[in-house]
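Good morning, and thank you for the time on today's agenda. I should like to take you through one protein chain, beginning with a single residue and then widening the view. Please have the structure open in front of you.

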Amino acid sequence: MQYFLQEVARDVYKKYGNALSGICLVFPNRRSGLFFKRYLTGELENPIWSPEVLTISDLMQQFSGLQKADQLSLIFMLYQVFKKEKQSQEPFDEFYHWGEMLLRDFDDIDKYLVDPRDIFRNLARLKSLEDHFSYLTEEQIESIRRFWDTLNVSRLSKEQNDFISIWQVLYNVYFHFNRVLDEQKQGYEGKIYRAVTDRINSQKLTPKHDKYIFIGFNALTPVEHRLFKELKQREKAVFYWDYDHYYLKDHEAGSFIHQNMEHFQGEDLGVYDGLKQDKHIQFVNTPYDISQAKILPDLLTDMPDKYSSSPDKTAIVLPEEHLLLPVLNSLPETPGEVNVTMGYPVYSTPAFSFLLTLIRLQENVKKQNGEVQFYYNDVLSVLNHQYLGIIRDEQVEQLIEQIHKHNKIYIPSGELTVNNLFRAVFALPESYESLSDYLLDNYYRFYTLLKQQNSGENYSLRMELESIYYVYIAIKRLKEIFKQHQANVKPATYLRILERVVKNQSIPFQGEPLSGIQVMGLLETRTLDFENLIILSMNEGVFPQAESTPSFIPFSLRKGFGLPTYEHNDAIYAYYFYRLVQRAKNITLVYNSGSDGLKTGEMSRFMHQLKFETNFDIRERTVVSGISIPEARSVTVAKTPEILDVLEKYNAISGSEKNFSPSAINTYLMCSLQFYYRYIAGLKEPEEVTENVDLPLFGSLLHKAIQLLYEPYRMDQNQISSDELKKLERNDELIEARIMEAFREEYFSDFPEDKKINLSGKNLLIKDIIYQYIKQFLKVEQKFAPFLPLALEESCQTSVNFGVDGKEKSAVIKGDIDRVDEHDAGIRIIDYKTGQPQQSYKDVPSLFEKYGNHAALQALIYSRMYSEVHGPQKKIVPGLYFFRRIYQDDFDWSVKMNKHPVSYDEVKVDLEEHLRSLLEEIFDPEETFTQTDDRNTCRFCPYAKICRRD
């Protein structure tokens with residue numbers, strides 16, 4: 001196979017031989033130079049002095065005499081100029097995005113030699129564009145006129161006025177920004193390019209080499225064109241163009257290269273008919289982005305010499321950066337190397353997520369009474385981050401457990417600093433300088449910990465170290481810039497700036513490219529050829545890109561002044577594609593056929609062109625994910641010997657102390673499978689920190705507050721009269737106090753007794769709702785007074801005897817009764833309910849149905865408990881207080897059967913019989929635990945995901 005750079009190296013050595021030391025070789029990128037040196041070395045018979053190898057950017061900087069400033073410094077200097085010229089107080093973190101855009105526009109203006117005074121002029125009132133822009137074509141002038149005509153109206157919209165107000169200061173911003181850079185002898189790339197043109201025009205350009213050989217260029221900027229022309233006129237320039245005759249004429253891929261060859265005749269290598277050679281081409285469509293990476297082992301299997309140590313055998317090209325890690329994790333383990341040369345977005349790395357975690361930790365920290373406290377969500381994010389997995393030990397697990405168990409919203413730093421690493425993480429810097437040091441220190445610590453894990457063979461870990469290092473450098477650089485410009489920012493502002501700055505960075509991974517499989521971005525492929533080629537993300541809108549680069553300069557003005565537009569970029573992408581495939585023998589083009597958001601799932605136009613405009617025999621494959629949605633089937637669990645052993649622990653006859661609750665009975669009736677998960681399998685619901693009171697906790701707070709109000713009367717055995725209830729109702733201070741006691745016991749259980757509780761936000765609203773409920777409750781209670789509280793939240797139990805397979809068994813049902821009181825109606829067994837009211841039922845068998853009145857069943861079971869513990873006294877009457885009904889005039893507490901109040905004695909025989917039957921079913925080895933067919937029951941079930949009902 002003929003490689004372009006190999007042929008260039010052979011030709012250059014043949015023509016210049018030992019005189020190469022006076023030659024400068026110029027490439028579009030650095031990677032091309034490395035490959036060229038390898039090929040040149042293969043041509044040498046004896047040692048020689050090496051030629052200088054530069055990128056075009058390096059050469060421009062060498063000629064300009066300016067030093068290229070880093071991006072962050074440039075944007076900060078631009079911000080200071082913009083703020084002064086616009087008289088704006090816009091914070092730097094909000095300007096950063098616009099600063100990047102302005103810098104790109106200034107870069108284009110300089111590279112394309114546009115007069116900034118012309119482009120940044122308000123031309124809406126200019127009468128004759130032709131006179132002013134005589135150097136432009138009629139088409140360009142018409143494009144400019146179309147734009148400014150839209151603003152040449154009597155009334156402008158707010159957006160149009162905003163645009164003009166910014167547009168009118170941009171020339172001054174450009175001018176003063178460049179003046180600041182001139183003083184420091186620095187520049188952005190465009191400024192450096194324009195400086196070269198200025199030197200040419202003033203005849204101050206002083207090339208130091210005998211010859212400059214330009215290799216593999218395509219779309220030239222006017223500055224590059226000007227430099228090439230100047231060096232050609234001085235007989236110091238030689239050109240090697242990389243193209244194929246197939247697209248040289250009348251094809252968008254050759255539009256630039258054709259112009260270049262007309263102006264600058266290149267050396268003829270005779271390697272320009274690659275697209276006439278036989279090729280093995282296949283198109284592969286996959287249903288997902290990630291599938292493109294997962295099929296790589298299969299794709300590589302069919303390629304010859306794919307694991308060769310030669311760097312020009314196999315390349316995997318990624319037009320989308322985010323696929324890099326999936327690709328690396330999908331590649332098979334091979335005897336050869338895998339080298340990466342491409343950018344990877346910082347925001348996709350754990351290093352960035354850890355930065356966000358630390359930023360949120362510091363943003364939400366608070367200081368109360370001199371004590372530093374961290375917000376629980378941020379603390380858990382730190383403790384659960386993958387970097388902490390390195391040292392995840394029992395101490396960390398205990399910290400997480402304590403936060404959940406005690407519902408800690410803010411955690412004092414003293415509880416978190418259990419080791420030196422945590423002392424560094426859970427600290428409070430007071431200024432942006434100390435905040436920088438805080439972040440740098442933590443990144444250094446985790447870098448060191450990760451490095452200790454790296455054996456040198458784990459590529460993902462090596463990339464992770466690179467990511468941490470890059471974020472570390474970005475933090476350090478921002479600190480230096482702030483110090484250099486004496487910026488005085490608040491810590492909160494600094495954190496916002498830091499997040500914005502780091503998020504927009506790309507990590508330039510650069511491996512040793514001279515061996516093994518090459519994994520690279522599209523721009524890194526320029527001038528390189530490979531025998532085996534796999535290109536991923538061959539989707540329309542990705543290759544070529546559909547999105548144009550954000551710009552302050554509208555499309556019509558860009559086109560009018562000859563700045564690059566999306567049409568320009570389409571032609572560049574066409575060249576990249578055809579140049580890349582022209583000499584390859586085995587080509588696989590992979591695209592995602594699934595539509596998602598703005599992605600249509602359409603293959604690239606370049607694939608269509610290969611398919612319909614060439615004679616290649618193209619094989620097409622469709623990859624099926626193999627993922628299918630199984631038919632929804634009811635989940636059942638048979639009673640295995642192991643499950644029966646667990647059930648036997650609920651058998652009181654065998655001496656077990658395990659018991660059921662009335663809630664467990666109700667759970668079984670609603671869904672026996674949920675009963676199994678909770679009471680047999682022992683799957684506990686994960687404890688979560690409840691920042692605001694949820695519905696179950698609301699009920700607990702209400703229950704507790706009422707208990708605290710009535711407790712003195714129970715202790716003194718005093719009857720509560722209607723008058724006493726009126727006094728309670730009017731005693732707002734006492735009600736408030738009891739509610740706050742309830743909050744302390746149920747919600748702030750970890751608070752010290754002497755520490756005052758301060759409610760805020762939704763919790764304050766919840767307190768007010770509970771207060772209103774209690775006021776109405778006490779008003780309703782007056783209708784049913786007097787009564788004597790006998791028990792509040794009393795724990796009772798009852799035993800039910802039954803038989804299974806001829807064996808006697810007994811189960812204990814145990815629970816806490818909300819309230820027992822002595823009333824004219826009898827001994828009332830009261831159960832408070834905050835759920836949906838359901839006061840009546842048809843008969844006892846209906847209570848044991850799936851959709852029966854389970855609240856009434858629970859009240860009757862409580863009645864049985866009380867009767868068994870305290871024996872027959874007065875008539876026992878079950879009661880339900882539904883708080884959703886206490887505002888109704890006809891509120892009634894009594895449980896009704898067939899619309900008539902019922903006592904326990906009336907139903908106890910039937911209740912006994914059905915409880916026995918139910919327990920026999922629960923213990924019956926032949927009965928299965930079965931998923932309910934009522935999906936409403938599953939809506940709030942914690943096991944819905946297990947059952948595929950979420």
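I begin with Glu531, which sits in the loop between β14 (517-520) and β15. Before going further, I should say that what you see is a predicted model.

Is Glu531 buried or exposed? It is buried, because its relative accessibility is 10% and the limit for that class is under 20%. Its surroundings are drawn from several parts of the sequence. Setting aside residues up to four places away, Glu531 touches Met1 and Tyr3, then Pro304, Asp312 and Lys313, and finally Ala584, Lys585 and Asn586.

A second glutamate offers a parallel. Glu464 is part of helix α23, and at 11% relative accessibility Glu464 is also classed as buried. Apart from its neighbours within four places in sequence, Glu464 is in contact with Pro350, Ala351, Tyr387 and Leu450.

For contrast, consider Glu741, in helix α33 (residues 732-746). Glu741 is partly exposed, since its relative accessible area is 31%. Between its C-alpha atom and that of Val637, which is 104 residues away along the chain, the separation is 44 Å.

Let me now turn to the chain as a whole. It holds 38 helices and 26 strands. Why may we call it more spread out than a compact globule? The radius of gyration is 39 Å, whereas the globule rule gives 30 Å for 950 residues; the value is well over the rule, so the chain is more spread out than a compact globule. Along the principal axes, its C-alpha atoms fill a box of roughly 120 × 65 × 60 Å.

Of the 950 residues, 52% count as buried. The accessible surface amounts to about 45,200 Å², and carbon and sulfur atoms account for 46% of that. As to charge, the chain has 111 positive and 137 negative charges, and the mean positions of the two sets are 4 Å apart. Consider also the contacts between residues at least 6 apart in sequence: 78% of them join residues at least 24 apart.

I come next to the interior. In soluble globular proteins, nonpolar side chains tend to be buried together. In this model, the largest nonpolar core has 156 residues, and Tyr494 and Tyr710 touch the most other members. Which helix gives the most to this core? It is α23 (residues 459-484), with 10 residues. This is the helix that also carries Glu464.

Tyr710 deserves a closer look. Leaving out neighbours within four places, its contacts include Ile720, Leu725, Leu728, Phe777, Leu778, Phe787 and Leu792. Also in contact with Tyr710 are Glu781, Arg819 and Tyr832. A second core, separate from this one, comprises 88 residues, among them Leu40, Phe239, Tyr243 and Tyr573.

One helix shows how such covering is arranged. Helix α29 (residues 662-670) is mostly covered, with seven of its nine residues buried. Those residues are Pro662, Ala664, Ile665, Asn666, Thr667, Tyr668 and Leu669. What lies over them? The cover includes the helices α30 (672-680), α35 (844-847), α36 (854-870) and α37 (904-923), together with the strands β20 (807-823) and β26 (929-930).

I close with some points of backbone geometry. Two peptide bonds deserve mention. The bond from Phe543 to Pro544 is cis, with omega near 5 degrees, and Pro544 belongs to the loop between β15 (532-535) and α25 (555-560). The bond from Ala785 to Pro786 is likewise cis, with omega near 0 degrees. Pro786 is placed in the loop between α34 (761-784) and β19 (788-804).

Strand β19 also contains Glu793. This residue is not a glycine, yet it has a positive phi of about 55 degrees. Glu793 counts as partly exposed, at 25% relative accessibility.

Where is Lys899 found? It is in the loop between β24 (896-897) and β25 (900-901). Lys899 is another residue other than glycine with a positive phi, here near 70 degrees. Its relative accessibility is 71%, so Lys899 counts as exposed.

To return to the starting point: Glu531 is a buried residue in a loop, and its contacts include Met1. I thank you for your attention.

How values were computed
Residues numbered from 1 in each chain as written. Predicted model: local features only at pLDDT ≥ 70, side-chain atom pairs only at ≥ 80, totals over all residues. Heavy atoms only, no water. Helix = DSSP H or I, 4+ residues; strand = E, 2+ residues; numbered from the N terminus. Rg over C-alpha atoms; globule rule 2.2 N^0.38 Å. Buried < 20%, exposed > 50% of the residue type's maximum accessible area, 1.4 Å probe, protein only. Contact = heavy atoms within 4.5 Å. Areas by Shrake-Rupley, 256 points an atom, 1.4 Å probe, with all protein chains shown as cover. Lys, Arg positive; Asp, Glu negative; His and termini not counted. Charge placed at Lys NZ, Arg CZ, Asp CG, Glu CD. Core = buried A, V, L, I, M, F, W, Y, C linked by side-chain atoms within 4.5 Å.
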